[in-house]
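Biologist: I am new to this structure and would like to learn how to read its features one at a time. Could we look at it together and begin with a single side chain?

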Amino acid sequence: MFDFDDSRLENAEVLADASPLLMNLASSGARVRREAALAEGQLAALADSDMGQFEAAEAGFSGAAIQLAINRSDDRAAFLEDALRTYRALDALNQRKWTQALSILEASKENVFPLRDPITLSLLNRGERGASQGLSLVTTRDRSYWLILDVQQRYVRSVALLALKRFDESRDALEGANGATERFKLLESVERDATPSWLRSRLQLQQARIEARAHNIDAALTGYDCAIRTMKAMAQPTSCIVAASGFTGAAPASGTALADVQLERASVALEKVNGNME
C-alpha cells in the first residue's frame, strides 16, 4: 500500500512564498528587522525538519519561541507566534507525530486573531468597511499571510486525522464549512495574486489521498490529476477543488516534487487494477 502521509513535498515553497514579507521587513527599521530575523529563523527550522534534521529544527523553533517571548510587544508578534505554531505542527507531521500535531493546533485556537473571527471574515469577503475594525496593523498583504497560515493549519489537521484513520474528520477539516478549501477561497478573494500554487496543489493532493483511503479510486485519480495540473501551472476543470481557472503565472513545480506525485498516482492506479486498496 502506498504511503499517503508524506507531508514534505512542498514545504520548501513556504520559504519562497514568505520571501517578499522578509524583504519588506528587512528594509524597515531595527524593530522590524528583528521581526524579519525571527521569521527567517522559523523558516530555517522548518527547512531543517523537511530534511529530517529534527534536533536542529527543535533548536531553531525553541530559539524563536524565546525571542518571541522577549519581544511580545512587537507589531507582528501575534503573527509570528501563529507562524511558529504552524511550522511546529508541520514539523510534527514530518516526524509522523500525528497526535502532537493536533495538540499544537488545539493550542493555537486559544490565540484568536481578527481573521479567524467569522464576522470579520464575512465583512472582509464583501469588502465592507467594518472589516477594518481591529485590523489597523493588518495590511492587505499581511491578511494574505494570516490566511495562508490558517489554511496550512487546517491542512495539517486533515493530514493528521487521516493518518489516525479518523476519515470523516479529516475530510471535514479539508472540505467542511470551516475547512482548508473554504479558507483558501477566502484567500483568493482577498488577494488573488498572493494565492500560492503550492498550497493549492497541497489541498488537491490531500483530497486525492482521502478519496484513496475511502476506496473512491476514480475520485482519487481525478484529485491527483488536479494536483498535477496545478504543479504544471495548467488550468483545471471546475470539478477540481480550489480549481485554478487559467494560467496563474506561477512557475511549474520542481521535477522531483512533480515526479513524486505522479508516482503516487501510478501506485494508486495499480492498486485499483490489482484490487488491493486497503
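Biologist: Is phenylalanine 79 buried or exposed, and on what grounds is that decided?

Modeller: A residue is called buried when its relative accessible area is under 20%. This is a predicted model, and in it phenylalanine 79 has 12% relative accessibility, so phenylalanine 79 counts as buried. Tyrosine 145 is buried as well, and tryptophan 146, at 8% relative accessibility, also counts as buried.

Biologist: Which aromatic pair do phenylalanine 79 and tyrosine 145 form, and how is the geometry described?

Modeller: The general idea is to look at the distance between ring centres and at the angle between ring planes, where planes over 60 degrees apart count as edge-to-face. A search of the whole structure gives two aromatic pairs. In one of them, phenylalanine 79 and tyrosine 145 meet edge-to-face, with 6.5 Å from centre to centre and 65° between the planes. This pair links distant parts of the chain, since phenylalanine 79 belongs to helix α4 (residues 77-94) and tyrosine 145 to helix α7 (residues 140-163), 66 residues apart.

Biologist: What is the geometry of the pair formed by phenylalanine 79 and tryptophan 146?

Modeller: Phenylalanine 79 and tryptophan 146 are edge-to-face too, with their centres 5.3 Å apart and their planes at 90°. Because phenylalanine 79 lies in helix α4 and tryptophan 146 in helix α7, the pair ties together parts that are 67 residues apart in sequence. Taken together, the ring pairs link Phe79, Tyr145 and Trp146 into a cluster.

Biologist: How many helices and how many strands does the protein chain have?

Modeller: The protein chain has twelve helices and zero strands. Of its 278 residues, 50% count as buried. Among contacts in the protein chain with a separation of 6 or more, 70% come from residues 24 or more positions apart.

Biologist: Which residues of helix α8 are buried, and where do they lie around the helix?

Modeller: One can look down the axis of a helix and ask in which directions its buried residues point. In helix α8 (residues 167-175), Ser170, Ala173 and Leu174 are buried. Seen down the axis of α8, the buried residues fall within an arc of 95°, so they line one face of the helix.

Biologist: Which cysteines does a disulfide join here?

Modeller: A disulfide is a covalent bond between the sulfur atoms of two cysteines. The count in this structure comes to one disulfide, and this disulfide joins cysteine 226 to cysteine 240, with 2.0 Å from S to S. The torsion about the S-S bond of cysteine 226 and cysteine 240 is about -85°, so the disulfide is left-handed. Cysteine 226 lies in helix α11 (residues 217-231) and cysteine 240 in the loop between α11 and α12 (255-274), so the pair ties together parts that are 14 residues apart in sequence. Cysteine 226 is buried, with a relative accessible area of 4%, and cysteine 240, at 4% relative accessibility, counts as buried too.

Biologist: What is the sign of phi at arginine 96, and what is it at alanine 233?

Modeller: Most residues other than glycine have a negative phi. Arginine 96, however, has a positive phi near 60°, and alanine 233 likewise has a positive phi near 60°. Arginine 96 sits in the loop between α4 and α5 (98-108) and, at 40% relative accessibility, counts as partly exposed. Alanine 233 is in the loop between α11 and α12, and alanine 233 is buried, with a relative accessible area of 12%.

Key
Residues numbered from 1 in each chain as written. Predicted model: local features only at pLDDT ≥ 70, side-chain atom pairs only at ≥ 80, totals over all residues. Heavy atoms only, no water. Helix = DSSP H or I, 4+ residues; strand = E, 2+ residues; numbered from the N terminus. Buried < 20%, exposed > 50% of the residue type's maximum accessible area, 1.4 Å probe, protein only. Contact = heavy atoms within 4.5 Å. Arc of directions from axis to C-beta. Phe/Tyr/Trp six-rings, centres within 6.5 Å; stacked < 30°, edge-to-face > 60°. Disulfide = S-S within 2.5 Å.
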